[in-house]
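Trainee: I'm new to this one. Please take me slowly through the open sheet and what packs on it.

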Amino acid sequence: MKAYVFPGQGAQFVGMGKDLYDTNPVARELFDRANDILGFSITDVMHAGTAEELKQTKVTQPAIFLHSVILAKTLGDAFKPDMVAGHSLGEFSALVAAGAMTFDDGLRLVSARAHAMQKACELKPSTMAAVLALSDETVEAVCADIPGVVVCANYNCPGQLVISGEIEAIDAACAKLLEAGAKRALRLPVGGAFHSPCMEPARAELAEAIDHTVFSVPVCPVYQNVDAMPHTDPAEIKGNLIAQLTAPVRWTQTVRNMIAAGATEFVELGPGKVLQGLIGKIDKTVTVSGLQ
């Protein structure tokens, strides 16, 4: 069985999507439509902007979404997923690719999400940190003992987690995690504490936009971040998408569940190869490839 997966924030690069725009009429039409929906030329930033411009959350999230979804659209009838999943932001790409919502609605939600998250970041200083070579249970236990907000945010693969929360709590947790034997526990260059309680203002704002968006039954199960389980019911999908902003991304569990359900081939659609690398570390027996 074939599973398609979609990357999240951080996979962007200067020039992303330009070949698609220049060579594929379907891609060009969708990129041009995106410029109209967003009210600015995101294609100019993606294709010829600077790395600094691409780092702006209001640009990064829709840019990665567009690259991923348009790749799926250009496959046409060859895009026949048995299941899909996306990492954080990538879950929106997965939902649109699987027909759970329209391209236009998906882009509007991603743009709303980006702006809401940016506002939440500005309300209170917060950050994230990568933790290497410790068990999930050890990281969870250390975070639970630290005063303030610090939680596991991304279960990326065995021995690779990201924690998220208030800056002082993150620094204290990193010190304790190194004492516990972490190979690395280092702050990441991000704007805020994604997938933590610090994103509650963004979650509340995004919930309203999601509630007013029409969702359909997808063409295949969508494995969602909050519980790593397959979903096809539109009401469940909406609820999980709202919860996603303050809940961890259970990527390790997601990939394992997809494999248990029969996935033998994973194809990453979108910029970069991050998910291909993670899947290879989660299970070395499956076939992994990508299109960008």
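Mentor: Here's a walk across the sheet, then over to its helix neighbour. Bear in mind that this is a predicted model: local features need pLDDT of at least 70, side-chain atom pairs count only at pLDDT 80 or more, and totals for chains, interfaces and linings use all residues. Numbering starts from 1 along each chain as its sequence is written, and side-chain values use heavy atoms, leaving out hydrogens and water.

Going across, the six strands run S8-S7-S2-S1-S9-S10, and their pairing is mixed. (Strands are DSSP E runs of at least two residues, helices H or I runs of at least four, numbered from the N terminus; a pair needs at least two DSSP bridges.) Strand S8 (230-231) and strand S10 (287-291) sit at the edges with a single partner strand each, so one side of each has no neighbour in the sheet. Strand S2 (residues 83-86) and strand S7 (residues 222-223) are paired in the parallel sense, through two bridges. Look for Ala85 there: its bridge partner in S7 is Tyr223.

Now find helix H5 (residues 57-74), which packs on the sheet and touches strand S1 (2-6), strand S9 (265-269) and S10. Touching means heavy atoms within 4.5 Å. The direction of H5 makes about 120 degrees with that of S9, using lines fitted to C-alpha atoms, for helices over the stretch in contact, with angles from 0 to 180 degrees between N-to-C directions.

So, to sum up the packing: H5 lies against S1, S9 and S10, and of these S10 is an edge strand.
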